[in-house]
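Work through the exercises below with the model open. Try each task before you read its solution.

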Amino acid sequence: MIDIVVVLRAEDAVLDFLSVLTDDHGGETRVILGDRAEILTLPAGTDTAERLALLSSHVRPVTDGIAAPGPEVLAGLLSRAGAWHDGHGDHDGQEGPDAHDGQSRETVRVWTHSPADNRRSRGRLGRDTALAHAGRPGDGGAGGGPELRHAVGYSPYLQFLSDLDRPMTRRLIAAKLDFVNGSCGHLLAERDPDHVVQTPRVPAAERFFDADPVERERLYALLASLDDEAASVVDPWEFGSSPYEEQRLDATAAWVRAGRAGVEGPLVEVGACEGALTRRLAAAGFTVRATEPNSTFRDRLATAFAGSEAVTVDGADLAELAKEDGPPRAAAHLLIEMLYYGQDLDLLDGLATDHVFVALEPEALASRLRPWLERSTVWRADEETVLVPPRLETVCAGRAYLSKRGSVGLLLRRTAG
């Protein structure tokens with residue numbers, strides 16, 4: 001048996017994979033250090049203390065530019081580490097360490113980070129390792145390659161349904177803590193949230209799961225922000241399949257319809273994504289200008305409404321909309337679940353409308369929007385509507401679940417021209 005543990009940094013192998021490093025199967029463990037594109041071999045027969053001492057010498061200070069090396073480099077490292085039974089070497093033709101002419105190979109297991117690890121650098125490495133692993137041949141042409149499992153890792157927002165749980169013994173917890181205090185003390189005070197070591201990042205039970213390619217990509221996209229990683233799958237936030245999201249969108253469309261009854265003019269939907277709300281607004285009889293800065297989402301949005309007389313699509317963001325001047329003034333601008341990303345709220349003053357519909361989760365509404373409104377001389381809150389209450393809901397076909405925090409709508413009316 002050979003275990004190959006693919007991690008971003010040396011400390012990750014101990015924090016999330018100590019049960020793998022100490023698995024008593026009598027074989028080697030090979031640790032691929034993604035940040036250095038290196039392979040560290042922990043020889044068969046070495047005990048826990050010896051293995052942790054080897055890893056300890058590879059713990060490094062946090063520097064700029066720590067990142068996963070990408071699927072192609074990881075494929076070469078996995079090949080050199082002996083992950084595949086096809087005799088392929090890495091990019092320079094070097095064979096893996098266990099290649100034998102015509103002889104059987106040991107069983108290989110590959111372990112890596114979760115694509116939904118909240119530390120984006122680890123999530124990317126977990127996803128890229130799976131991409132590198134995909135499609136490689138298994139022993140005897142069976143296909144599928146070595147077994148690949150992801151650690152649940154650091155996931156403060158999701159609860160995972162795991163496939164393998166390994167509680168730590170007191171002895172192993174003591175070894176983990178000694179390793180952290182002795183080799184990673186500088187990380188206990190690290191300011192970078194991706195690399196600081198705190199209590200939730202030193203799990204007392206190590207949990208692992210399997211994932212097929214579709215599930216892996218959805219998990220990776222789910223934890224993305226608004227960049228192209230989020231758009232790597234269609235409907236990353238499951239607007240089309242989530243009962244919570246469908247209720248929220250239906251309630252939002254009804255709220256806008258009631259608030260704009262009898263008022264002429266188009267709606268401007270800011271950050272329309274793939275058009276889940278846009279479709280509802282158009283069905284309610286509105287003319288909608290749907291803006292979406294992300295080019296991938298915008299292409300899907302434009303395709304969905306190609307030929308529509310009710311919906312136009314463009315790429316303006318909030319800052320660009322605030323600079324637009326002159327007619328036509330919109331009946332309202334819609335900022336629905338999108339003021340979470342540090343936008344300057346004073347941009348709302350420049351919008352060519354007298355009405356703005358804002359929807360946010362209650363905490364963000366209280367901490368971000370209300371203090372700004374109290375200072376504003378341009379806007380006042382006219383009405384407040386609970387669009388949907390909080391709800392616990394599964395995501396990614398039931399692999400995980402999380403708390404959807406509810407959505408509250410606030411209609412803002414301009415008090416000054």
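The exercises cover cysteines, a helix and salt bridges in this predicted model.

**Exercise 1. Cysteines**

Task: Find how many disulfides the structure holds, and explain the result for C273 and C396.

Solution:
- Step 1. Recall the bond. A disulfide is a covalent bond between the sulfur atoms of two cysteines.
- Step 2. Set the cut-off. The two sulfur atoms must lie within 2.5 Å.
- Step 3. Check the distance. From the sulfur of C396, the closest cysteine sulfur is that of C273, 15 Å away, so the gap is too far for a bond.
- Step 4. Give the count. A search of the whole structure finds 0 disulfides.
- Step 5. Add the surroundings. C273 is buried at 10% relative accessible area. C396 is buried too, at 3%.

**Exercise 2. Helix 1**

Task: Compare the span of helix 1 with that of a straight helix, then state how many of its residues are buried.

Solution:
- Step 1. Locate helix 1. It covers residues 10-21.
- Step 2. Work out the expected span. At 1.5 Å a residue, a straight helix of 12 residues would span 16 Å.
- Step 3. Compare. The end C-alpha atoms of helix 1 are only 12 Å apart.
- Step 4. Check burial. In helix 1, 12 of 12 residues are buried. Among them are E11, D12 and D16, as well as V14, L15 and F17.

**Exercise 3. Two partners for D354**

Task: Which parts of the chain does D354 tie together through its salt bridges with R329 and R414?

Solution:
- Step 1. Recall the principle. Side chains of opposite charge can pair when their charged atoms come close.
- Step 2. Take R329. Its salt bridge with D354 has an N to O distance of 2.9 Å. D354 lies in the loop between strand 12 and strand 13, and R329 in the loop between helix 11 and strand 12, so the pair joins parts 25 residues apart in sequence.
- Step 3. Take R414. Its closest N and O atoms with D354 are 3.4 Å apart. R414 lies in strand 17, so this pair ties together parts 60 residues apart in sequence.
- Step 4. Compare exposure. D354 is partly exposed at 35%, and R329 is partly exposed at 45%. R414 counts as buried at 14%.

**Exercise 4. One more pair and a network**

Task: Describe the salt bridge between E384 and R370, then name the residues of a network.

Solution:
- Step 1. Read the distance. The closest N and O atoms of E384 and R370 are 2.3 Å apart.
- Step 2. Place the pair. E384 is in strand 14 and R370 in helix 12, 14 residues apart.
- Step 3. Name the network. Salt bridges link E245, R248, R391, E393 and K404.
- Step 4. Give the total. The structure holds 34 salt bridges.

Definitions and conventions: Residues numbered from 1 in each chain as written. Predicted model: local features only at pLDDT ≥ 70, side-chain atom pairs only at ≥ 80, totals over all residues. Heavy atoms only, no water. Buried < 20%, exposed > 50% of the residue type's maximum accessible area, 1.4 Å probe, protein only. Helix = DSSP H or I, 4+ residues; strand = E, 2+ residues; numbered from the N terminus. Expected span 1.5 Å × (residues − 1). Salt bridge = Lys/Arg side-chain N within 4 Å of Asp/Glu carboxyl O.
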